[in-house]
Amino acid sequence: MVFLLATVLIGCAVSGGCRGEEPGHDRESDEKESVEPPSEGEDEPESAEKEKEKKGPELREEEQRKQRIAGIISGMTLEEKVCQLFMVTPEQLTHVNTVIQAGEATKASLEKYPVGGIVYFKQNILDEEQIKTMITNSRSYSKYPLFIGVDEEGGSLVARIANNEGFSVEKVPDMQTIGASQDIEEAYQAGQTIGTYLSDLGFDMDFAPVADVLTNPNNTAIGKRSFGPDAKVDAQMVAQVVKGLEERNVKAVLKHFPGHGGTDGDSHEEAVANERTLEQLEETEFLPFISGIQAGAKFVMVGHISLPSVTGDNTPATLSPAIIGGLLRERLGFDGVVITDSMSMGAITNYYTPAEAAVKVIQAGGDMVLMPANFEQAYEGVLEALRNGTLKEERIDESVYRILDCKIE
């Protein structure tokens, strides 16, 4: 019963996808408007073609963009499409122990596996010149535009650049400190600061801000990475960080839907559950995600968090059609890119093979699989699911379109 409720209730759309289209008109208002037939002697309504011309070059440019993306997809092999669904570390791509430069191994790997993106961690980032060169080279080797991401939340815990001795960038406080100040300008400036130095280095994606509301004081996985326990304050702060990042051409990734702040465990190690009801989630956990989407976030990271009180089972959100399709897509109206949390975490690897998990992500409505425990096995698993009919190519095309929609200007 609860499962059905979660999947069929549809809320008002708050976002129109990666390009940030405005929500549609209110249907009831439209129905109230009546169109009188032209009186004798009055001009006939303009043709659809003339109306299109009246809207100017903006509409034509958008149509051309859509056609360009569709053309790219139609020219892709099935293997290339599947590769776009993955975001991996350089080590997963090249099988080099620690990657600090992009040379022939990276070039050969990207030619074989044109993945959707690469994420860099502390061991990959030495100094400004090194990371700029590695990013530039990686992009030059890729047949398709490449997301280059990093975890740069700010504060003392998760900041691969600001907390690195090889860089002298401006540091921002912990998000908990900013939330406690209730100063939304400080949150905006944090997004601007982080977005500026990431963009200067060549990154175009930041796995931030943390949109988790710290409803469980015993939570250790999120802690001071969250803006705090007040959902309304968190919602304001998240929106401002998103604006700051996006204005610097860095794509914000809201995390960890449906909310990691109410859990006891850590999904890095084990399966975790948020026991709150749908009503509680709508009043609390969902608010920062909604505000972040409205502010222009084009990505939402789904965590390995189950909602047994909503779905009736312990399926993690990353693999749950009820959570991705029913809640995030339908209820929150999000049509941007849904990316998973790292699929190499214990909450996944303890229960699923890399291939099983990757297929279930796509079946659930996800678009990008982040860091599977074994990239090649996950990739082959999706291909096999397409061959045997478990997945349809049309479903893959939907995700590839969303991904390219964020890459093609």
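These legends describe close-up views of a predicted model.

**View 1. The whole chain holds 19 helices and 12 strands.** Of the 409 residues of the protein, 54% count as buried. Among contacts with a separation of 6 or more, 77% are between residues 24 or more positions apart.

**View 2. Eight strands make an open sheet with parallel pairing, in the order E11-E9-E7-E6-E3-E2-E1-E12.** Strand E11 (337-340) and strand E12 (369-370) stand at the edges, and each has a single partner strand, so one side of each lacks a neighbour in the sheet. Strands of a sheet pair through backbone hydrogen bonds, either parallel or antiparallel.

**View 3. Strand E3 (147-150) has E2 and E6 as neighbours in the strand order.** Strand E2 (residues 117-120) pairs with E3 in the parallel sense over 4 bridges. Ile 148 of E3 is the bridge partner of Ile 118. E3 and E6 also run parallel and are joined by 2 bridges. Here Gly 149 has Met 205, in E6, as its bridge partner. In a regular strand the side chains alternate between the two faces of the sheet. In E3, Phe 147 and Gly 149 lie on one side, Ile 148 and Val 150 lie on the other, and all four are buried, so that both faces of E3 are covered.

**View 4. Phe 147 and Phe 299 form an edge-to-face pair, one of the 8 aromatic pairs found in the whole structure.** The ring centres of Phe 147 and Phe 299 are 5.3 Å apart, and the planes are at 85 degrees. Phe 147 lies in strand E3 and Phe 299 in strand E9 (residues 299-302), so the pair ties together parts that are 152 residues apart in sequence. Both Phe 147 and Phe 299 are buried. Lys 407 lies over the face of Phe 147, at 4.7 Å from the ring centre.

**View 5. Phe 375 and Tyr 379 form a tilted pair of rings.** The centres of these two rings are 6.1 Å apart and the planes are at 40 degrees; an angle between 30 and 60 degrees counts as tilted, which is why the pair of Phe 375 and Tyr 379 has that label. Phe 375 and Tyr 379 both lie in helix H18 (residues 375-387), and they are 4 residues apart, about one turn of the helix. An α-helix has 3.6 residues a turn, so residues three or four places apart point the same way. Phe 375 and Tyr 379 are both buried. Ring pairs also link Phe 375 and Tyr 379 with Phe 86 and Tyr 113 into a cluster.

**View 6. Helix H10 covers residues 184-201.** H10 has 18 residues and reaches 26 Å from its first C-alpha to its last, close to the 26 Å expected at 1.5 Å a residue. At the start of H10, a side-chain oxygen of Asp 183 comes to within 3.0 Å of the backbone nitrogen of Glu 185. Just after H10, Gly 202 has a positive phi of about 115 degrees. The buried residues of H10 include Ala 187, Tyr 188, Gly 191, Ile 194, Tyr 197, Leu 198 and Leu 201. Among the elements that cover the buried residues of H10 are helix H8 (128-141), helix H9 (175-181) and helix H11 (231-246). Strands E3 (147-150), E4 (152-154) and E6 (205-206) also help to cover the buried residues of H10.

**View 7. Glu 80 is a buried residue in helix H5 (residues 78-84).** The relative accessible area of Glu 80 is 12%, and under 20% counts as buried, so Glu 80 is in the buried class. The side chain of Glu 80 is joined to that of Tyr 144 by a polar contact of 2.8 Å. Leaving aside neighbours within four places in sequence, Glu 80 is in contact with Gly 75, Pro 114, Lys 143 and Tyr 144.

**View 8. Pro 258 sits in the loop between strand E7 (251-257) and strand E8 (272-273).** Pro 258 is buried, with a relative accessible area of 0%. Leaving aside neighbours within four places in sequence, the contacts of Pro 258 include Leu 281, Phe 286, Phe 289, Ile 305, Leu 307 and Ile 323. Glu 285 and Ala 317 are also in contact with Pro 258. Asn 274 is 16 residues from Pro 258 along the chain, and the C-alpha atoms of Pro 258 and Asn 274 are separated by 8.6 Å.

Note on methods. Residues are numbered from 1 along each chain as its sequence is written. This is a predicted model: local features need pLDDT of at least 70, side-chain atom pairs count only at pLDDT 80 or more; totals for chains, interfaces and linings use all residues. Side-chain values use heavy atoms; hydrogens and water are left out. The expected span of a helix is 1.5 Å times one less than its number of residues. Buried means under 20% relative accessible area, exposed over 50%, partly exposed in between (1.4 Å probe, protein chains only). Contact means heavy atoms within 4.5 Å. A polar contact is a pair of N or O atoms within 3.5 Å; within protein, one must be able to donate a hydrogen and the other to accept it, and residues adjacent in sequence count only if both atoms are side-chain atoms. Rings of Phe, Tyr and Trp (its six-membered ring) pair if their centres lie within 6.5 Å; planes under 30 degrees apart count as stacked, over 60 as edge-to-face and the rest as tilted. A charge sits over a ring if NZ of Lys or CZ of Arg is within 6 Å of the ring centre and within 35 degrees of the ring normal. Two strands pair if DSSP finds at least two bridges between them.
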